[in-house]
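User: I would like to learn how to read cysteines and sheets in a model. Please take me through one.

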2 protein chains.
Amino acid sequence: VTQAVEALRQRLAQVQDLNAVMMGLEWDHQVIMPPRGAAGRAEALATLQTIAHERFAGDDTGRALDAAAAELGDADPESLEAAIVRVARRDWEKARRVPGDLKADLARAGTIGYEAWTLARADSDWSLFEPHLARMLELKRRYVGCFEADCAYDVLLDDYEEGTTTAEVSRVFAELKAGLLPLIRDVATREPIDPSPLRGEFGLAAQEALARRVVERFGFDATGWRMDTAVHPFAINLNLGDVRITTRYETTDFVTSLFSALHETGHGLYEAGSDPRLERTPLVGGVSLGLHESQSRMWENIVGRSRPFSAWLLPQLREAFPGQLDDVDLDAYWRAVNAVQPSLIRVEADEITYSLHVIMRFELEQDMIEGRLALSDVPEAWNAKVREYLGIEVPSDAEGALQDVHWATGAIGYFPTYALGNVMSAQIWEAARRDLPGVEDGFERGEFAPLREWLTEHVYRFGRTYTPRETLEGAVGGPLDATPYLRYLGDKVASVYGAGQAA
Amino acid sequence: VTQAVEALRQRLAQVQDLNAVMMGLEWDHQVIMPPRGAAGRAEALATLQTIAHERFAGDDTGRALDAAAAELGDADPESLEAAIVRVARRDWEKARRVPGDLKADLARAGTIGYEAWTLARADSDWSLFEPHLARMLELKRRYVGCFEADCAYDVLLDDYEEGTTTAEVSRVFAELKAGLLPLIRDVATREPIDPSPLRGEFGLAAQEALARRVVERFGFDATGWRMDTAVHPFAINLNLGDVRITTRYETTDFVTSLFSALHETGHGLYEAGSDPRLERTPLVGGVSLGLHESQSRMWENIVGRSRPFSAWLLPQLREAFPGQLDDVDLDAYWRAVNAVQPSLIRVEADEITYSLHVIMRFELEQDMIEGRLALSDVPEAWNAKVREYLGIEVPSDAEGALQDVHWATGAIGYFPTYALGNVMSAQIWEAARRDLPGVEDGFERGEFAPLREWLTEHVYRFGRTYTPRETLEGAVGGPLDATPYLRYLGDKVASVYGAGQAA
């Protein structure tokens, strides 16, 4: 009696397989592939994209959806099958609007753009990248034209944070900005935190071994995960038994690489936490990039920069880097990893200034897609925003408008999800602490399973079963709200910079 | 006027892209993938296999071939377009005989079988592998049933050495065996070569750096090649700018890993040497595994174990492994890497005994596919052949019937091509030396470009434009012939073991 449902599932499983293969090629491209492979790889990716589009977006899928829906009738709307039909139909209706050749062009432009960006960043030469960005924006405008929308940016945003509008993001970001700017001004009046405890030379092998040991306590499992290096760290999964995170190491700085590993592990835990019944269905994986980022920031910042975690980590740091941190006490270490200091590079920004890096990109992207900003003027506009929000000068485009990979690969509309993730992370953390009083005390003993299990139970296991909004509200009991995040940051600044810091 | 030809080329290019992606997944599986990813990967590979089969083997391709052939008319049969139509039609007629679901089953069984083999080999437990081999043989018999052939093994062999028959291989192998057995008996009467010069502890990083330096002189190019480690070394290419070789390192033995790298570089040079115009056509890459192996053995043995190459390498070995080879003179080194000693593991066998490892597998495979040998009896039959041909006892299945990956992944009929490759390598070497007198003298100065360029000109650039037979005859001026190889081995034994060894 479930013949039509099974036929639909088989069809969707093949599409899911193609998506997984494209994920694998993306990982390979960024971690493994020799540069001269790029042109051939772009063709291969475009072919897969075309085939996946044909298989999924065609009339056959519509008929398979109709048949499965008829077969299910008014059976349990909470069933796995009902969720598959619901989500697949939404994806299908969206995918049909975009012609296969446009998707292939976007994939190809992204692969070639990535190579161009790598070279442009190395030379800090915006002009090497600009034509590739122009091509990408031209394709993105054609993409936007496939949808009925008053606001072009809404269409781009919807790909990463389904159902969230530019207006909604603007409101939350206005609230954030209003809270963050005074906080930054407040910090600027305090005695700066001494960064020297974290300076030194740290062997790469020791850094890698340490990162591996820590993320294994979070839930990294070597039988089903990998950790590698990439220029721009990311996490990806090919299936629930093949989760891949990346980080990058610098000998003078163990903090960036370690916290980048914690961050990507958060993404990996979310992906790996889907109910196994969702494997090879459209429901598997994270529901939105905002929720994804809420989990990477949860493990990187809310856990990783907490005082109890720091207390657990510090002896391990001393062991990993003998003699280097003997004179650093817990308080000095913890204050140093929470120091607030306006800086140039988003991925290295502290928690307080981070969201401003995002907000300025959100503003620039809207100007670019609407054609209000000439691409040759982007670096100057970028530098002006950095001056306005963070009060610092950008010395080179490599540290400015060329620092991020996103525009190169076509991920425009993606940046806002980073700050939305921050906002959601604090909402989810407050909900977890209500259910698990004192859960943070366990961090001091390296106990992370209670938090991971709570997150799996309330967020991870659902995958894409519910919308991003439903998923958040199910976990925290209310809508998107910047207040908990601003409260979390306010408390942190008070304890790190205030009189009660050593409490 | 070339509309139909272009349409055919576009269709074939997509199929080629899918094949390249499957190659990439195969590489990833053996080099990168965490073990729990295997089940999901098997599904993904089966999906790609199904899609590639549908795209290539369908009636549409037949019509596209007919239309392209009509458009070309009796235009130059030596043209690229004519070759594409000719080769694609042959591939298409062959592919149509095999149902897509059987191909998917074979791919899935190969992926799962590979995991089972890894575990079985680790435990040296044939019973863990036997049911997977049984399943594979059952599928292979169904595969054979798709063709009209008097001899089942002919069908399997044709996948690796198109147009070559079991009877032909049997004749060449009989000739080989007749030449090799007395040579081995002859060596057994000589003073054994002292292996101690090559013993020691060799750091892995130094081994890797050395291997990289040597293969770069052969033609490995870091902008378009990679070298990694794998349990069972192999070479693969995703496109002409993405060639991937693998080797494995052991601290007690630099010879195996170094010569494995030379071997895989030979494969890589052949693949990378296709005329760039063949990219994304069915003509790109090696024409048969025998010709492929002729190139890996060319660079590993004919070059790598020659006296001039040894003279160039030895100072570099001394530098890579300080203090370890100071007392080893050229003669001792060169004799040690050419020592003949019957042994258990095919991939570590010397040049004289190697082909006997292959011949016994060729015999066992015929017995298995014909059902003359129960699978539970394979280890015993294996051990009996090793006793008969090599005069040694097999202490465990890990060093016996479980040593090779081939049966696990379904590569049955593949082994003979190794010995055919040996035979062809000597034929091609004699032809190259006729055109380039004294070419081996350059090896002493690290000059390998003249040989590589001759091989590119006479073999590599054609890819699959001609049949294996035509390709060999074009390069050497005559048919398959074991005499040059036996002559080469006879000369080597005489010089290594004879009075004139130090000449």
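Analyst: We take the cysteines, then a sheet in chain B. Keep in mind that this is a predicted model.

User: How many disulfides does the structure hold over all chains?

Analyst: The general idea first. A disulfide covalently joins the sulfur atoms of two cysteines. Here the count over all chains is zero.

User: Why does Cys151(B) have no bond to Cys146(B)?

Analyst: Distance. The cut-off for a disulfide is 2.5 Å between the sulfur atoms. The closest cysteine sulfur to that of Cys151(B) is in Cys146(B), 16 Å away, so the gap is too far for a bond.

User: Is Cys146(B) buried or exposed?

Analyst: Buried means under 20% relative accessible area. Cys146(B) has 18% relative accessibility, so it counts as buried.

User: Now the sheet. What is the strand order?

Analyst: In general, backbone hydrogen bonds pair the strands of a sheet, in parallel or antiparallel fashion. This open sheet has three strands in the order β1-β3-β2 (chain B), and the pairing is mixed. β1 (225-229) and β2 (235-239) of chain B are the edges; each has a single partner strand, so one side of each lacks a neighbour in the sheet. Direction ignored, neighbouring strands are turned by 20 degrees against each other on average.

User: How do β2(B) and β3 of chain B pair?

Analyst: They are antiparallel, with four bridges; β3 covers residues 242-247. In one bridge, Ile236(B) partners Arg244(B) of β3(B).

User: Which helix lies across β1, β2 and β3 of chain B?

Analyst: Helix α10 of chain B, residues 254-272. Helix α10 runs at about 160 degrees to β3(B).

Conventions:
Residues are numbered from 1 along each chain as its sequence is written. Chains are lettered from A and ligands numbered from 1 in the order in which they are written. This is a predicted model: local features need pLDDT of at least 70, side-chain atom pairs count only at pLDDT 80 or more; totals for chains, interfaces and linings use all residues. Side-chain values use heavy atoms; hydrogens and water are left out. Buried means under 20% relative accessible area, exposed over 50%, partly exposed in between (1.4 Å probe, protein chains only). Two strands pair if DSSP finds at least two bridges between them. Helices (H or I, at least four residues) and strands (E, at least two) are DSSP runs, numbered from the N terminus. Axes are lines fitted to C-alpha atoms, for helices over the stretch in contact, and angles run from 0 to 180 degrees between N-to-C directions. Contact means heavy atoms within 4.5 Å.
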